[in-house]
Amino acid sequence: MRLFSSLPALLLGMLMSVSAFAAIDTYQFKSPEQEQAYRDITAQLRCPKCQNTNIAASDSIIAADMRTKVFQLLNEGQNRQQIVAYMVARYGNFVTYEPPITPSTLILWLGPVLVVIIGGGMIFMRSRRGSVNTKTAAEEMSEQEKQRLAQLLKDSDRKGS
């Protein structure tokens, strides 16, 4: 019975101890401008592990390493472009939310436009061809076939009545 009375306290203690493992980044910035630059850069870099989370909001280990490196590079006096270039060189264009247009990414930028243009052209061509060459079944039938069809329709009307 005593075990059940201490169970809530044990659960509460376990829940509170988990929060002790959360890492909190504490950096001493030289100026408020440097802190703002740090916040801007970490908000604009994507975490390689977390698909669409920036490194400022990510809890992954690699994002923590990237935040530390951004802080170190800022303290070395590098600007935003230099830091982003360093991260792209290390992790690839994926870490930026706006990848550059290169020959390898050109198909990604132009692909959807080409699909719409080609699809629209095909629809236009089919609609033009269909309206010019459309003949009704009665126009394509010979005179003998028309008479035969009329006879069959009469016979079916007599049988149906």
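Helices and strands are taken here as DSSP runs, with at least four residues for a helix and at least two for a strand, numbered from the N terminus. On that basis the protein chain of this predicted model has 7 helices and 0 strands, and its pattern along the sequence reads α-α-α-α-α-α-α. Two places are described below after the overall figures: the surroundings of Arg46 and a nonpolar surface patch that includes Leu110.

**Overall figures**
- The protein chain comprises 161 residues, of which 16% count as buried.
- Its accessible surface comes to about 12,900 Å², and carbon and sulfur atoms contribute 62% of that area.
- Among contacts in the protein chain with a separation of 6 or more, 46% are between residues 24 or more positions apart.

**Arg46**
- Arg46 sits in the loop that runs between helix H2 (32-44) and helix H3 (61-75).
- Although Arg46 is buried, it has no salt bridge, and the nearest side chain of opposite charge, that of Glu98, is 9.5 Å away.
- The side chain of Arg46 does reach backbone oxygens, that of Phe94 at 3.0 Å and that of Thr96 at 3.2 Å from one of its polar atoms.
- Leaving aside residues up to four places away in sequence, Arg46 touches Gln51, Asn52, Thr53, Asn54, Ile55, Met66, Phe94, Val95, Thr96 and Tyr97.

**Nonpolar surface patch**
- Ile101, Leu106, Ile107, Leu108, Trp109, Leu110, Leu114, Ile118 and Met122 make a nonpolar surface patch of about 940 Å².
- Leu110, one of these residues, lies in helix H5 (residues 106-132).
- Leu110 has a relative accessible area of 41% and is therefore partly exposed, which is over the 30% that patch residues must exceed.

How values were computed. Residues are numbered from 1 along each chain as its sequence is written. This is a predicted model: local features need pLDDT of at least 70, side-chain atom pairs count only at pLDDT 80 or more; totals for chains, interfaces and linings use all residues. Side-chain values use heavy atoms; hydrogens and water are left out. Patches are made of residues with over 30% relative accessible area and no salt bridge: like charges are joined within 9 Å, nonpolar side chains (Val, Leu, Ile, Met, Phe, Trp, Tyr) within 5 Å. Accessible areas come from the Shrake-Rupley method with a 1.4 Å probe; for residues, only the protein chains shown count as cover. A salt bridge is a side-chain nitrogen of Lys or Arg within 4 Å of a carboxyl oxygen of Asp or Glu. Buried means under 20% relative accessible area, exposed over 50%, partly exposed in between (1.4 Å probe, protein chains only). Contact means heavy atoms within 4.5 Å. Lys and Arg count as positive and Asp and Glu as negative; His and the chain ends are not counted. A polar contact is a pair of N or O atoms within 3.5 Å; within protein, one must be able to donate a hydrogen and the other to accept it, and residues adjacent in sequence count only if both atoms are side-chain atoms.
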